[in-house]
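Colleague: Could you take one spot in the interior of this model and walk me through it closely, then work outward to whatever helps place it? I'd like the reasoning along with the values.

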Amino acid sequence: SHPEMGLMTTPTSPIPMTPVTPLGTTPPSSDVISSAELPLDADVQTSNLLITFLKYSSIVMQDTKDEHRLHSGKLCLIILTCIAEDQYANAFLHDDNMNFRVNLHRMPMRHRKKAADKNLPCRPLVCAVLDLMVEFIVTHMMKEFPMDLYVRCIQIVHKLLCYQKKCRVRLHYTWRELWSALINLLKFLMSNETVLLAKHNIFTLALMVVNLFNMFITYGDTFLPTPSSYDELYYEIIRMHQNFDNLYSMVLRLSTNAGQWKEPASKVTHALVNIRAIINHFNPKIESYAAVNHISQLSEDQVLEVVRSNYDTLTLKLQDGLDQYERYSEQHKEAAFFKELVRSISINVRKNLAFNTLSQELLLKEFSTIS
C-alpha cells in the first residue's frame, strides 16, 4: 500500500490500516500488475486497500499447517465474512462501473498451468473474492483438513449469492469453476469419510455445499448472467451425477443407523431432493436421445439441447430458507480466538522489541503520554 516506504517483504500478519481516500476513488487503470511472482511487491501500485488485502489473503491462506498462518488465514476469512454481509460493502464489490485487476497468489499445482498476468481481466471486486474462495477450496483438500476455514469460505460465497439474489445482480463470472470446486470438495469428503468423521462433522459442510447448489437451482434465474448459464448448471450436475449419487448413498446409510451422525446425515438427504430430481429426470432423456440417434457419447451441445427441451416436465420442490443466514457474531463464538490472537501478538512484540536500544529517558517519555 505504501511502496514509497520501500517495503520489499511480504507481511506475515494482517496490519490494520485506515484508508486515506474512500475505496475505489482511484481509477482502476492505476492498478498495474508488474510482478509475476509475489503480488505484494514494492513495485506494484494498488488502487485501494481492499485489493491489497485480497492479495495478502491469497498468500497467507496458502499454508494453513503453520499455526501462525492458520490464525492469520482465519482472521482474513472473518474480515471477508463481515464484508460479505455488509450492504454498502456489497454494493461496492458488485459495482459494474468499478473494475479492477487483482493478481491473486495461486498455489503451484501440477494439473494446471500458471496464468499469465497480462490475461488478467478487469472485473468488479466480488469476482476476486469468489476467485479467492475457489482457490482455497481447490488447494486445501488434505488430511489435516481445515474444517473451520472451509465452513467460513462457503459462508462467504453464500452471503454474496444472497446479496446477488436480493438485488438481482447478474454477475458475469465463470460460475463453472465454483461448481466444479464444490463438487470436488464433496468428492473429497466422501473419499476420506472415515478419517474426517473421526475429527469433524463433515455433514455440516456437505449440507452447506448442497444448499449452494440449491440456491443456484431455485434462484439462479434471478442472478445468473444468461439463460445459458442456467443450462450449464444443469449440465454440470448431470455430468457429475455420480458424485451426488455417492453422497446420497453415504448419507442414507448413516441416516438409517442409530448413530451420532443420524440427524446431520438426514438433513443432507432431504437437501439433495432437487439435485436427485434433476439427475433422475434428465439422465433417461439423454440415454434415450443417444439410443435414437445412435450416438455412443453425446457432446456438451447435444446434452444441453436435451436439457432445454425437457425443462417443462421437470418437477422441483420449493425449499425454504436458502437465502437466509446467521449474521456474524464475535462475542462468545470468537472471543477465545481473539484473546489468543492478542496474547500471541503481545508475546511476539515483547520477544522482538529490543528495549536495550531505547534510552531510559525516551521510555519514560513514552510511558508518560499513556493515559
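Modeller: Sure. One cut-off first: a residue is called buried if its relative accessible area is under 20%, exposed if that area is over 50%, and partly exposed in between. Keep in mind too that this is a predicted model.

The spot I'd pick is Met215, which is found in helix α8, residues 202–223. Met215 comes out at 0% relative accessibility, so it counts as buried. What does it touch? Leaving aside residues up to four places away in sequence, Met215 is in contact with His158, Leu161, Cys162, Gly220, Phe223, Leu322 and Asp323. There is also a long jump along the chain here: Gln319 is 104 residues away from Met215 in sequence, yet their C-alpha atoms are separated by 9.3 Å. That fits a wider pattern, since among contacts in the chain with a separation of 6 or more, 74% are between residues 24 or more positions apart.

Phe223, one of the residues Met215 touches, leads on to the aromatic side chains. Ring pairs tie Phe223 into a cluster with Tyr173, Trp175, Trp179 and Phe216. The structure holds 17 aromatic pairs. One of them is Tyr173 with Trp175, an edge-to-face pair with centres 5.1 Å apart and planes at 70°. Edge-to-face is the right label because the cut-off for it is an angle over 60 degrees. Both partners, Tyr173 and Trp175, are buried.

For contrast, take Tyr230 and Tyr311. Their pair is tilted, with 6.2 Å from centre to centre and 35° between the planes. It joins distant parts of the chain: Tyr230 is in helix α9 (residues 227–239), while Tyr311 is in the loop between α13 (300–309) and α14 (335–352), 81 residues apart. Tyr230 has 17% relative accessibility, so it counts as buried. Tyr311, at 24%, is partly exposed, so the two rings fall on opposite sides of the 20% line.

Two other rings have a charge over them. Lys165 lies over the face of Tyr219, 4.5 Å from the ring centre. Over Tyr248 it is the charged end of Arg276, at 3.6 Å from the centre of the ring.

The loop that holds Tyr311, between α13 and α14, is also where you'll find Glu334. This glutamate has a relative accessible area of 5%, so it is buried. Its side chain has a polar contact of 2.8 Å with the side chain of Arg152. Arg152 is also one of the residues that Glu334 touches beyond four places in sequence, along with Lys74, Ile78, Tyr328 and Ser329.

Going back to helices, α4 makes a handy check on geometry and burial together. It runs over residues 125–139, and at 1.5 Å a residue its 15 residues should span 21 Å; the end C-alpha atoms are 21 Å apart, so the two agree. Burial covers most of α4, with 14 of its 15 residues buried.

What about the cysteines? The count comes to 0 disulfides, going by a sulfur–sulfur cut-off of 2.5 Å. Cys76 is at 0% relative accessibility and therefore counts as buried, whereas Cys167, at 32%, is partly exposed.

Out in the loops, two residues are worth a look for their backbone. Arg168 has a positive phi of about 50°, although it is not a glycine. Its place is in the loop between α5 (147–167) and α6 (175–191), and at 56% relative accessibility it counts as exposed. His294 is the other one: its phi is near 55°, again positive in a residue other than glycine. His294 lies in the loop between α12 (273–292) and α13, and it is exposed because its relative accessible area is 73%.

Now for the whole chain. Its secondary structure comes to 15 helices and 0 strands, and buried residues make up 44% of its 371 residues. Met215, at 0%, belongs to that buried part, and its contacts include Leu161 and Leu322 as well as the cluster member Phe223.

Terms used:
Residues numbered from 1 in each chain as written. Predicted model: local features only at pLDDT ≥ 70, side-chain atom pairs only at ≥ 80, totals over all residues. Heavy atoms only, no water. Phe/Tyr/Trp six-rings, centres within 6.5 Å; stacked < 30°, edge-to-face > 60°. Buried < 20%, exposed > 50% of the residue type's maximum accessible area, 1.4 Å probe, protein only. Helix = DSSP H or I, 4+ residues; strand = E, 2+ residues; numbered from the N terminus. Lys NZ or Arg CZ within 6 Å of the ring centre and 35° of its normal. Polar contact = N/O pair within 3.5 Å; in protein donor to acceptor, adjacent residues only side chain to side chain. Contact = heavy atoms within 4.5 Å. Expected span 1.5 Å × (residues − 1).
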